[in-house]
Amino acid sequence: MTFFDHLAADFAPPFRLCAEDTVQRLLQQDTSSNRPGILLGKVQSGKTRLFLSVIGLAFDKGYDVAVIQIGRAHV
């Protein structure tokens, strides 16, 4: 079983497609500290679950490292 399959075992199809689409977009674009991949969403919308799934799927597709920066929004 892959990382993604384990993490997404009980996902509804739209949520699984969102994770797969996100990884496809990341594979098509270069990211850097000046142009990071970013995930935005409302409170309690499933962002943490989705980003863990995206990381699992990225590992399944050959990525070796995932860097997670957690910061506070400035309001």
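Colleague: Let me start with one residue: is Arg16 buried, partly exposed or exposed?

Modeller: Good place to begin! Keep in mind that this is a predicted model. The general idea is to look at relative accessibility: buried means under 20%, and exposed means over 50%. Arg16 has a value of 26%, so Arg16 counts as partly exposed.

Colleague: Which residue forms a salt bridge with Arg16, with the closest N and O atoms 2.9 Å apart?

Modeller: For a salt bridge, look for a side-chain nitrogen of Lys or Arg within 4 Å of a carboxyl oxygen of Asp or Glu. Here the partner is Asp5, with 2.9 Å between the closest N and O atoms. This pair connects distant parts of the chain, since Asp5 sits in helix H1 (residues 3-7) and Arg16 in helix H2, 11 residues apart. Asp5 is partly exposed too, at 30% relative accessible area.

Colleague: Which residues are linked with Arg16 in a network of salt bridges?

Modeller: The network joins Asp5, Arg16 and Glu20. You have met the link to Asp5; in the other, Arg16 pairs with Glu20, and their closest N and O atoms are 3.6 Å apart. Both of these residues belong to helix H2, where 4 residues, about one turn of the helix, separate them. Glu20 is partly exposed, with a relative accessible area of 30%.

Colleague: How many salt bridges does the structure hold?

Modeller: There are 4 salt bridges. Among them is the one between Arg25 and Asp21, at 3.1 Å from N to O. Arg25 and Asp21 lie 4 residues apart in helix H2, so about one helical turn separates them. Their accessibility is worth a look: Arg25 is exposed at 52%, while Asp21 is partly exposed at 37%.

Colleague: Now for pockets. How much space lies in the largest pocket, and which residues are closest to its centre?

Modeller: A pocket is read through its volume and its lining. In this model, the largest pocket holds about 1,400 Å³ of space. Its lining has 30 residues, and those closest to the centre are Pro36, Gly37, Ile38, Leu39 and Val67. Helix H2 (13-28) and helix H3 (47-60) are the elements that each give two or more residues to this lining.

Colleague: Which element gives the largest share of the lining of the largest pocket?

Modeller: That is H3, with 7 residues.

Colleague: And how do the residues of that lining divide into nonpolar, polar and charged?

Modeller: The lining of the largest pocket comprises 17 nonpolar, 10 polar and 3 charged residues.

Key:
Residues numbered from 1 in each chain as written. Predicted model: local features only at pLDDT ≥ 70, side-chain atom pairs only at ≥ 80, totals over all residues. Heavy atoms only, no water. 1 Å grid on protein atoms, 1.4 Å probe; cavity = no way out; pocket = protein on both sides within 12 Å on 5 of 7 lines; lining within 4 Å. Points joined across faces, edges and corners; volume = space filled by probe spheres on them. Nonpolar A, V, L, I, M, F, W, Y, C, P; charged D, E, K, R; others polar. Buried < 20%, exposed > 50% of the residue type's maximum accessible area, 1.4 Å probe, protein only.
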